Amino acid sequence: MGWRQAGEGRQRRRSWAAGLAKVLELPMVASQRIPTFEELYLAIEALPEGVTGEVLEPGMIHTMGRPGGLHRLGGRGIFESLRGHDAYRGGRGWWLEQEASIRFSEGRMAVPDMSGWRLTESDTVPPDFINDNPIVKRPDWCCEILSKST
């Protein structure tokens, strides 16, 4: 299929629009319109198991495989070090999520390795926004774990 893998060149971009049109059964026209966020999100949900997608630039899905063992191990260590701040784990001040889909402005969506939202004394635990997929409340903190493949 014509999805653009992170780090691939411009030639795959041309086939991406045709691939998305095929998945969504959209007609291809000479002045290819930029797909809506909703269309892109449907295409992301249809990706095969083990593949996730992000919309980092308008109209473009970036795909990536699930993280490997060392990447997950690093994330686990970071998450454990933040335990005292995570309201879900008895801490105070933050709601922390791993690999949550977060919708940003201008039709963009990212899946950071970790993200956090500041909580006030009046916030409920768990906060209401966790039922949204993707989450539309902008996080106060995001973390990307770097590995050899990134």
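Is Glu106 buried or exposed? Let's settle that in the first exercise and then work through the rest of the chain together.

This is a predicted model, in which local features need pLDDT of at least 70 and side-chain atom pairs count only at pLDDT 80 or more, while totals for chains, interfaces and linings use all residues. Residues are numbered from 1 along each chain as its sequence is written, and side-chain values use heavy atoms, with hydrogens and water left out.

**Exercise 1. Place Glu106 and Glu99, and describe their backbones.**

Step 1. Buried means under 20% relative accessible area, exposed over 50%, and partly exposed in between (1.4 Å probe, protein chains only). Glu106 has 61% relative accessibility, so it counts as exposed. Glu99, at 25%, counts as partly exposed.

Step 2. Glu106 is in the loop between S5 and S6, and Glu99 is in the loop between strand S4 (94-98) and S5. Helices (H or I, at least four residues) and strands (E, at least two) are DSSP runs, numbered from the N terminus.

Step 3. Most residues other than glycine have a negative phi, and most peptide bonds are trans. Glu106 has a positive phi near 60 degrees, and Glu99 has a positive phi of about 55 degrees.

**Exercise 2. Outline the fold and say where confidence is lowest.**

Step 1. Count the elements: the protein chain has 3 helices and 8 strands. Along the sequence they follow the pattern β-α-α-β-β-α-β-β-β-β-β.

Step 2. Turn to pLDDT, the predictor's confidence in each residue, from 0 to 100. The chain averages 83, and 78% of the residues score at least 70. Helix H1 (residues 10-24) has the lowest confidence, with a mean of 47, whereas S7 has the highest, at 97.

Step 3. Residues 1-17 have a pLDDT below 50, yet in the model this stretch has 33 contacts beyond near neighbours in sequence (contact means heavy atoms within 4.5 Å). Where pLDDT is low, the predicted coordinates should not be read in detail.

**Exercise 3. Find the largest nonpolar core and follow its surroundings.**

Step 1. A nonpolar core is a set of buried Ala, Val, Leu, Ile, Met, Phe, Trp, Tyr and Cys residues joined through side-chain atoms within 4.5 Å. The largest one has 9 residues: Phe37, Leu40, Tyr41, Ala43, Ile44, Leu47, Val55, Ile61 and Met109. Helix H2 (residues 37-45) gives the most to this core, with 5 residues. Apart from it lies another core of 8 residues, among them Trp95, Ala100, Ile102 and Ile135.

Step 2. Take Val55, leaving aside neighbours within four places in sequence: its contacts are Leu40, Ile44, Met60, Gly107, Arg108 and Met109.

Step 3. Follow one of these, Gly107, into the loop between strand S5 (102-104) and strand S6 (108-110). Not counting residues up to four places away in sequence, Gly107 touches Phe37 and Val55. At 21% relative accessibility, Gly107 counts as partly exposed.

Step 4. Look at the ring of Phe37: the charged end of Arg103 sits over it, 3.8 Å from its centre. For this, NZ of Lys or CZ of Arg must be within 6 Å of the ring centre and within 35 degrees of the ring normal.

**Exercise 4. Classify two aromatic pairs.**

Step 1. Rings of Phe, Tyr and Trp (its six-membered ring) pair if their centres lie within 6.5 Å; planes under 30 degrees apart count as stacked, over 60 as edge-to-face and the rest as tilted. The structure holds 3 such pairs.

Step 2. Tyr88 and Trp95 have ring centres 5.7 Å apart and planes at 80 degrees, so this pair is edge-to-face. Tyr88 is exposed at 61% relative accessibility, whereas Trp95 is buried at 5%.

Step 3. Trp117 and Phe129 form a tilted pair, 4.8 Å centre to centre with 45 degrees between the planes. Trp117 lies in strand S7 (residues 114-118) and Phe129 in the loop between S7 and strand S8 (141-143), so the pair ties together parts that are 12 residues apart in sequence. Both Trp117 and Phe129 are buried.

**Exercise 5. Locate two cis peptide bonds.**

Step 1. The bond from Val125 to Pro126 is cis, with omega near 0 degrees. The bond from Asn133 to Pro134 is also cis, with omega near 5 degrees.

Step 2. Pro126 is in the loop between S7 and S8, and Pro134 is found in the loop between S7 and S8 too.
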